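Thanks for passing this one along. Here are my comments on two of its interfaces, set out point by point.

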Amino acid sequence: MTTYLLRRLLTSILVLFGVSVLVFSIIHLVPGDVVTAILGRQKVSAQQEAQLRQQLGLNDPIPVQYWRYLSKALHGDLGESIRNYVPVSQAITEQLPSTIALAISALILALGIGFVLGLAAAIKHGTWFDTLAMSLSVSGLSIPTFWLGLLLILLFSVNLKWFPSISTGSSFSALVLPALTLGLPETSVVARMVRASMLDVLGKEYITAARAKGVRESMVILKHALRNALIPVVTFVGLQTAYLLGGSTIVETIFARQGIGRLAVQAISNRDYPMVQGVVLVVAVIYVLINTITDITYTMLNPTIRLK
Amino acid sequence: MSKTSKLFQSILILAAVSMLLAACGQPAATPQATSAGTQATAPVATNPPAPVTTDTPAPLSGGVLTIGIGSEPNTLDPGAAVYVQEQFVLISLFDSLLSVAPDASLHPGLALSWQPNTDYTEFTFKLRQDVKFHDGTPFNAAAVKASFDHIVSPDVLESGGKTLLDDHKYLETAVIDDYDVTVKFGASYPTFLSDAGRQWLSISSPTALALYGKDYGRHPVGTGPFKFVKWDAQSQIVLERNPDYNWAPEYASHQGPAYLDQVVFRILPEAATRLTAFQSNELQVVSDPPALDTISMSDSGQAVVATFPNPGIPAIMMINTDKEPTNDINVRKAMILAVNQDELAKTVFKSLGMPAYSVLSPTTWSYDEQAASLYHYNLDQANQLLDQAGWVLNSNGIRVKNGKTLTIDYITSPVWEESFNELLAGYLAKAGFDVKMRSMDDAGIASEAAAGNYSMLYMYWTRADPSPLNILFLSSNINGGSAYTRFKNDQLDQVLTDGNTQTNMDLREQDYVTAQRIIMENALVLPLFTVNNVYMMTASIKNFTFDLEGYPWVYDIWMTK
Amino acid sequence: MTAEPIAPVQPRIRIDSPGMRVLRRSFRNRSFQVGFVILVILILACVAAPLITHADPDAIDPSNTLLQPSQIHPMGTDGIGRDVLARFLYGGRLSLWVGLVAIAIGGLIGTTFGMISGYFGGWLDAFISWITDILLAFPDILLALAIIAILGPGIVNAMVAVGIAFIPSFMRLTRSNVLAVREMSYVEASRALGGSHLEIIFTHILPNVMRTLLVLITLGIGSAILAGAALNFLGLGAQPPTPEWGAMLNAGQKYIRQGWWLTVFPGLGIFFTILAINLIGDAVSDAVAGTVVMPKTK
């Protein structure tokens with residue numbers, strides 16, 4: 001177990017190292033001169049330009065620049081926005097809670113609805129309800145987030161005027177539409193997963209045995225099947241962080257909601273490279289950490305993995 | 001994306017410059033622009049300018065005013081500011097040495113009186129003695145010196161104020177005693193007094209400047225009617241009433257502290273989002289609302305609309321005369337003739353829009369009717385010109401000459417009104433142009449513009465005076481400046497240079513009339529529409545007026561319960 | 001160099017490849033049939049756009065803006081009078097094309113590296129897997145955004161960005177399949193008989209890997225179309241006036257009160273395309289393994 005843990009952690013550290021190299025490279029991969037791109041229309045003397053180059057540390061050899069970037073990043077210093085000179089880490093800290101609130105609401109929604117739907121479909125396997133639930137779920141998977149958001153605005157904000165179309169903070173009414181938009185495709189995935197794994201488990205020998213012993217069906221499902229069917233769902237939660245963080249770019253844009261997704265989109269169109277780097281780095285680090293934790297939890301829940 | 005609008009807000013008004021109103025103090029210099037200043041009625045800018053102040057009951061104090069704006073300021077340091085959206089907020093936070101009334105007349109501000117020397121290189125101000133900054137620092141001669149010195153210091157990389165001071169070789173601010181100060185320049189600066197009334201040259205607390213250093217732009221401290229409370233990035237800027245405020249300009253409709261408790265600027269880049277927020281009562285004022293909705297809401301009485309037709313350079317395309325195929329004057333003429341400005345303005349902005357036919361808008365001093373009458377939409381004539389120039393239509397409806405297509409390289413910004421971009425491309429396509437649009441942000445446009453990689457470049461410039469023509473057309477500004485047509489003409493250079501320094505107003509006017517004619521005769525620009533500032537507000541907003549350049553004058557606004 | 005001496009180990013490989021078997025089996029599936037019909041209709045409509053409408057998707061008509069759907073304009077007109085049906089059909093071409101090109105980029109590169117990684121193993125495998133892990137550390141839309149940040153907005157760049165974002169999934173799946181197939185007796189036999197690496201890869205490993213890749217390719221095209229449309233929706237892909245479904249939705253958002261048709265039709269186009277592809281993908285995946293394989297979706 002310890003060996004596994006160590007190996008898993010080592011892999012994560014190696015990946016994080018690679019992530020940092022990749023993110024660092026963004027500024028160097030930009031075609032053309034990054035200083036020109038930053039200064040833009042402002043007419044600046046050669047002296048000031050050299051000063052900026054110095055300030056960005058672009059005169060040093062690349063490995064030196066990388067080392068400086070890494071050591072600063074490890075101390076929480078992700079540089080400054082070149083648009084409004086706000087420290088990148090500060091901007092991200094300001095925006096992150098809003099994104100997390102959105103992601104968690106979407107996840108709760110997806111797990112709640114998806115679970116019930118999937119479970120019911122599995123129990124009623126082969127009936128019209130199963131077909132309906134699965135049709136709904138494949139539709140939910142196929143609907144583009146950005147279109148769903150617009151349709152929800154059209155219906156609930158423009159026509160019914162139930163919820164605001166712009167969303168700030170974490171109040172219920174502000175979160176409903178964005179969370180629905182972000183969570184609906186997830187709901188479909190959860191429903192399909194729960195159904196599949198329930199059907200799988202329900203066909204297992206020990207369930208048949210339990211039924212043969214005369215255990216009531218509700219008990220079979222609750223006590224035996226459900227518990228085992230839950231394992232893949234747990235992993236799913238971890239894996240979906242990526243989707244939720246990524247999907248927030250679109251949802252936050254539609255609902256003009258604060259958050260790191262919107263921060264990223266705006267930084268890209270503003271060519272605010274330090275900001276782009278910062279957001280991408282933070283999201284990737286969060287993702288790697290959650291994946292590592294999920295893997296480890298999963299391994300503990302399911303000891304057979306360790307043998308591989 | 002937005003309507004009329006993001007244009008106004010987000011595009012860099014390079015406006016770094018001189019001569020706000022060379023004819024300062026001459027009421028004739030600012031014709032209609034001033035009367036429109038208090039127009040808060042129906043959407044059409046030409047409607048009767050009934051001031052709203054008279055029929056209303058006594059003003060009420062209190063309330064939070066939330067204004068939806070499209071672009072976020074980069075800084076709230078007046079000395080580092082450039083953009084429209086910055087000045088929009090700064091006007092409530094800061095005061096300047098002078099106050100410029102909507103009719104362009106000069107009034108005491110932080111200075112009680114002023115005296116220029118004979119060659120307009122030194123200006124002596126007598127300062128108010130009863131003013132203190134939001135942080136408690138007393139206002140005095142040292143504060144004036146600190147503010148101006150800050151602008152030219154390396155802390156400020158580039159700004160509107162820096163350009164003004166640098167261009168006129170700012171020497172120093174000499175403190176005579178606590179309340180007397182002389183600002184000295186190395187060059188004659190006849191328009192300094194009116195410039196000293198603008199937001200770019202307003203006065204900051206020397207304590208705060210020293211305390212925050214480079215970070216001052218996030219912690220502005222002025223003497224204005226509102227104090228800075230907080231700035232949540234990408235979300236909002238919150239100001240609260242300055243209870244000590246007792247030095248409002250004499251032309252203001254009241255004295256003492258402002259009526260509103262708080263002013264919140266909500267940053268909502270999408271015009272559609274600003275509209276929805278307005279409809280759900282989250283905003284009381286929307287800047288640059290979507291035109292279609294604005295008109296329908298105003299017609300149905302759900303909203304009040306105020307428009308401010310900006311004088312200066314209207315929305316134009318500056319055509320690159322240094323690059324194929326637009327180096328050919330016939331191609332440029334064909335471009336102008338192919339665009340139906342009237343229809344374009346109506347389609348995009350509905351009744352809020354007004355077409356432009358020249359390089360200056362009609363509300364600008366020295367506007368020349370003749371220059372504006374040179375071209376009238378005529379597709380046949382455009383086609384004829386292109387035929388004569390040897391551009392032959394191919395089977396795809398695109399013109400070709402010597403194997404090269406008639407391509408217009410058009411860099412757009414995602415914040416601009418897309419339908420105007422696409423409509424423009426559509427008109428040009430009808431004449432056989434192949435318009436290639438490239439979407440870039442300001443910085444991207446800037447580097448392409450500097451490199452000359454474009455066929456036409458979007459521009460507008462709000463000024464009551466025609467002086468921005470110098471920045472945009474003097475051939476000395478081709479490299480490293482903003483003379484994006486890259487056109488060299490001795491006569492044009494000569495009249496523009498003379499117009500900039502001429503003190504005889506008749507001769508000066510003649511210079512700018514000639515300049516307009518040269519520009520239009522050579523088809524250097526493709527005029528599009530006049531830029532209007534449009535604000536939509538609830539009926540509870542009273543006394544909504546504009547300052548000289550179309551910024552809402554929040555100090556005088558009050559709200560009914 | 002012939003494949004014949006090895007043929008007896010796995011006969012009839014060319015006549016009835018695993019891929020064909022999967023396809024034939026999926027064809028009998030109801031959801032495959034439904035999806036297939038929807039997709040064929042959509043593709044035919046987009047390809048045959050000039051036959052369906054004579055309207056020019058870019059032709060402006062300022063006197064006929066924001067017209068309701070009618071006989072002349074079955075999907076109405078937009079804010080500057082362009083025919084929405086024409087823009088829908090021509091825009092669909094681009095949307096579908098983005099998905100195909102992106103998946104081709106991601107599939108080719110990912111499969112190649114997965115093949116190399118799985119087949120040769122050793123440090124090469126470790127290195128390629130490390131790179132894949134790094135790429136997987138970014139949510140794919142964010143990875144695509146980062147690539148756009150470097151390359152700049154544009155339709156080709158959007159294809160490349162989405163394509164690159166798909167490399168890791170293809171690489172991983174290919175690699176794990178190659179690992180499984182590599183140890184099969186007929187591969188060992190072929191190697192013993194002196195078959196070259198290329199020969200073994202192409203005659204034995206690839207056909208087997210293709211079977212499972214089919215699922216990823218089908219569902220992946222859907223995800224790629226969606227991702228491409230998302231980038232376009234964010235204004236980072238196709239530049240106006242080029243019609244594209246995602247970009248049309250973006251433009252339609254500001255007319256959401258005046259013209260519902262501007263928001264509804266392009267969205268329906270994307271929705272039905274993805275729905276059809278998902279139905280087909282489900283059927284294929286059922287046919288392949290009887291299990292649900294879900295690649296990351298957006």
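1. A reminder before anything else: this is a predicted model, so please read the figures below as values computed from it.

2. Let me begin inside chain A. The domain assignment splits chain A into domain 1, covering 2-74, and domain 2, covering 88-301. Where these two touch, domain 1 of chain A contributes 18 residues and domain 2 of chain A contributes 14 residues.

3. How much area do domain 1 and domain 2 of chain A bury between them? The value comes to about 1,400 Å², and 78% of it lies on carbon and sulfur atoms.

4. On specific pairings between the two domains of chain A, the rule finds zero salt bridges across their interface. It does find three residue pairs in polar contact there, with both partners at pLDDT 80 or more.

5. Which elements build the domain 1 side of this contact in chain A? At least two residues each come from α1 (2-29), α2 (34-39) and α4 (62-74) of chain A. Of the elements, α1(A) gives the most, with 13 residues. Sorted by class, the side of domain 1 of chain A that touches domain 2 of chain A has 15 nonpolar residues, two polar and one charged.

6. Now to the contact between chains B and C. Chain B puts 22 residues into this contact and chain C puts in 19 residues. Together, chain B and chain C bury about 1,900 Å², with 54% of that on carbon and sulfur atoms.

7. How many salt bridges does the rule find across the interface of chain B and chain C? There is one, and you may like to display it: C:Arg82 pairs with B:Glu422, and their closest N and O atoms are 2.4 Å apart. That separation falls within the 4 Å allowed for a salt bridge. In addition, two residue pairs are in polar contact across the interface of chain B and chain C, both residues of each being at pLDDT 80 or more.

8. Finally, the chain B side of that interface. Elements supplying two or more residues to the side that touches chain C are α8 (271-279), α9 (291-299), α11 (341-349), α14 (418-430) and β18 (434-439) of chain B. The largest share, seven residues, belongs to α14(B). By class, the side of chain B that touches chain C has nine charged residues, seven nonpolar and six polar.

Definitions and conventions:
Residues numbered from 1 in each chain as written. Chains lettered and ligands numbered in written order. Predicted model: local features only at pLDDT ≥ 70, side-chain atom pairs only at ≥ 80, totals over all residues. Heavy atoms only, no water. Domains from an automatic or database assignment. Contact = heavy atoms within 4.5 Å. Buried area = accessible area lost by both parts, 1.4 Å probe. Salt bridge = Lys/Arg side-chain N within 4 Å of Asp/Glu carboxyl O. Polar contact = N/O pair within 3.5 Å; in protein donor to acceptor, adjacent residues only side chain to side chain. Helix = DSSP H or I, 4+ residues; strand = E, 2+ residues; numbered from the N terminus. Nonpolar A, V, L, I, M, F, W, Y, C, P; charged D, E, K, R; others polar.
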